[in-house]
Amino acid sequence: MRINTFRRTRRLGAAAALALSGLLVLAGCSGAAGSAGAGGREITVWVMDGDYTMDTINAINAEFSKQTGATARVERQSWDGITTKLTTALSTAAPPDVLDLGNTQVASLGASGGLLDLTDDREEFAQGQTWLEGLEAPATIDGRLYAVPGFAGARAVIYNKTVWAEAGVTEPPTTFAEFTAALDTVRSVSNAPDFSPIYLPGQYWYVGLQFVWDAGGSIASSEGGRWTGNLESPAALQGLQNFKNFQNTYSTPASRTLDTDRPEQQQVLADGKTTAIVATNVYLGKVLDANPDLGESDLGTFPLPGADGPQPVLLGGSDWGIAAKTRNAELAKAWVKIAASPKIQQDWVFATGGWIPNSVEATEAARASVPEVQRAFFTAALNSKAPPASEYWVDMESTRAVNDLFSQVASGSRTVPQAAATFDARIAETLNQNTF
């Protein structure tokens, strides 16, 4: 899953977005993988469009050449058809050596044997840092590490600070009780039937999972190679009920069966039909673009509060994988170690690329230096979780089974226990499809 959370628009005063041509980008020299570079050695690195800036890649490559005497050939990849392209490339005799992967792509590629097992080198890659759980967990299959965290993105509440202040709420809430009290207060802003204090569509499973995790529940667990759905546990059922109660109380009835795209949630906030949404920080710019009468000072952010601090969030982001069939394993490991290093993370991935870094330590340091309106996303990232690290979890997303779960809960088309039982059965069927 990829969330471009820290990419900022011109109106938020960030550097202009990198123009990506999709063409081959070279660092050091040209030629196919394995051809002569500095010292006669070269690796191929695939980087996805919209991820790392070329300044960041160039910094990694410069340090790589300095340390190894080798060069890296970098190829930009489009997201269109990338799953098939990755699977095909990793099955060849001469695959790309290093690959930029969405954090939830790792499980399927690792389980199928396409990625190199990096477990024995984990401490070398971590370099004394504590990786964000939402990046490390999806890259860990049955206790084995198949990719190294690269960067993250997180969601937080984005609200119209001016409207809240006019209603009497002048400070962002830090507890769930304060949050609901604030929403109760701002409800008086409008009597329109399509107005709600917060717009939270029922299909918005990213947020729905936060309620499950906040209640102490989980989606699924694996034992002996078999997956079991956990939504029928008391804690998970409570989390689902909490989501239903919150969604039904504070979002519109019409939103119970909707997703965030129709209508687009930034437009709902920009039009004044709500005072808050839950989104990544790129939506700060989207809201402003959707309503030129709004200014940067009108918007505020805070992590969605839970029972004990911010709710756990589902991170999007990037992990670095190494092809199992690479002919340059040690060089590939050296490149990835540099890319994951504290210096590259702080000076380039964050400072130049604008992403949330891969570790707790780097994220805390970065949070201290960003504008106030951005801090909530960094705070949220510090408490993260991930969906099951199964090669088949992608099927739960692509078939929209997880969207349907929360829509059924929010709309009441099924009771919470019924929806949980249906989803648990679907988990068992889907995630265990290679074991029957």
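These are legends for a set of views of one predicted model.

**View 1. The whole protein chain, with its 18 helices and 17 strands.** Start here to get your bearings before zooming in. For 436 residues, a compact globule would have a radius of gyration near 22 Å, and the protein chain agrees, coming in at 22 Å. Along the principal axes, its C-alpha atoms fill a box of roughly 70 × 55 × 35 Å. Of the 436 residues, 53% count as buried. If you look at contacts with a separation of 6 or more, 78% of them are between residues 24 or more positions apart.

**View 2. The surface and charges of the protein chain.** The accessible surface adds up to about 17,200 Å², and carbon and sulfur atoms account for 49% of that. There are 32 positive and 46 negative charges, and their mean positions sit 3 Å apart.

**View 3. F176 and F179, an aromatic pair within helix α7.** The structure holds 20 aromatic pairs. In this one, the ring centres are 6.4 Å apart and the planes meet at 75 degrees; planes over 60 degrees apart count as edge-to-face, so that is what we call F176 and F179. Both residues belong to α7 (residues 176–186), where they are three residues apart, or about one turn of the helix. Their surroundings are worth a look too: F176 is partly exposed at 29% relative accessible area, whereas F179 is buried at 0%.

**View 4. F211 and F243, an aromatic pair between helices α8 and α9.** Here the rings are again edge-to-face, with 5.8 Å centre to centre and 65 degrees between the planes. F211 comes from α8 (residues 205–214) and F243 from α9 (residues 234–250), so the pair ties together parts that are 32 residues apart in sequence. F211 is buried, with 3% relative accessibility, and F243 is buried as well, at 0%.

**View 5. One aromatic cluster that takes in F176, F179, F211 and F243.** Zoom out a little from the last two views and the phenylalanines turn up as members of one group. The other members of the cluster are Y159, W164, F246, Y250, F302 and F406.

**View 6. Helix α8 and what follows it.** Nine of the ten residues of α8 are buried, so the helix is largely enclosed by the rest of the structure. Among the buried residues are the tryptophans W205 and W213, along with Y206, Q210 and F211. Just after α8 comes G216, which takes a positive phi of about 95 degrees.

**View 7. S196, a buried residue in the loop between α7 and α8.** The relative accessible area of S196 is 2%, which is why it counts as buried. Setting aside neighbours within four places in sequence, S196 is in contact with Y250, S251 and T252, and also with K273, T274 and T275. One of these, Y250, is also a member of the aromatic cluster in View 5.

**View 8. K66, an exposed residue in helix α1.** Helix α1 covers residues 54–68, and K66 is found in it. With a relative accessible area of 68%, K66 is exposed. Show G110 in the frame as well: K66 and G110 are 44 residues apart in sequence, and their C-alpha atoms are 30 Å apart in space.

Note on methods
Residues numbered from 1 in each chain as written. Predicted model: local features only at pLDDT ≥ 70, side-chain atom pairs only at ≥ 80, totals over all residues. Heavy atoms only, no water. Helix = DSSP H or I, 4+ residues; strand = E, 2+ residues; numbered from the N terminus. Rg over C-alpha atoms; globule rule 2.2 N^0.38 Å. Buried < 20%, exposed > 50% of the residue type's maximum accessible area, 1.4 Å probe, protein only. Contact = heavy atoms within 4.5 Å. Areas by Shrake-Rupley, 256 points an atom, 1.4 Å probe, with all protein chains shown as cover. Lys, Arg positive; Asp, Glu negative; His and termini not counted. Charge placed at Lys NZ, Arg CZ, Asp CG, Glu CD. Phe/Tyr/Trp six-rings, centres within 6.5 Å; stacked < 30°, edge-to-face > 60°.
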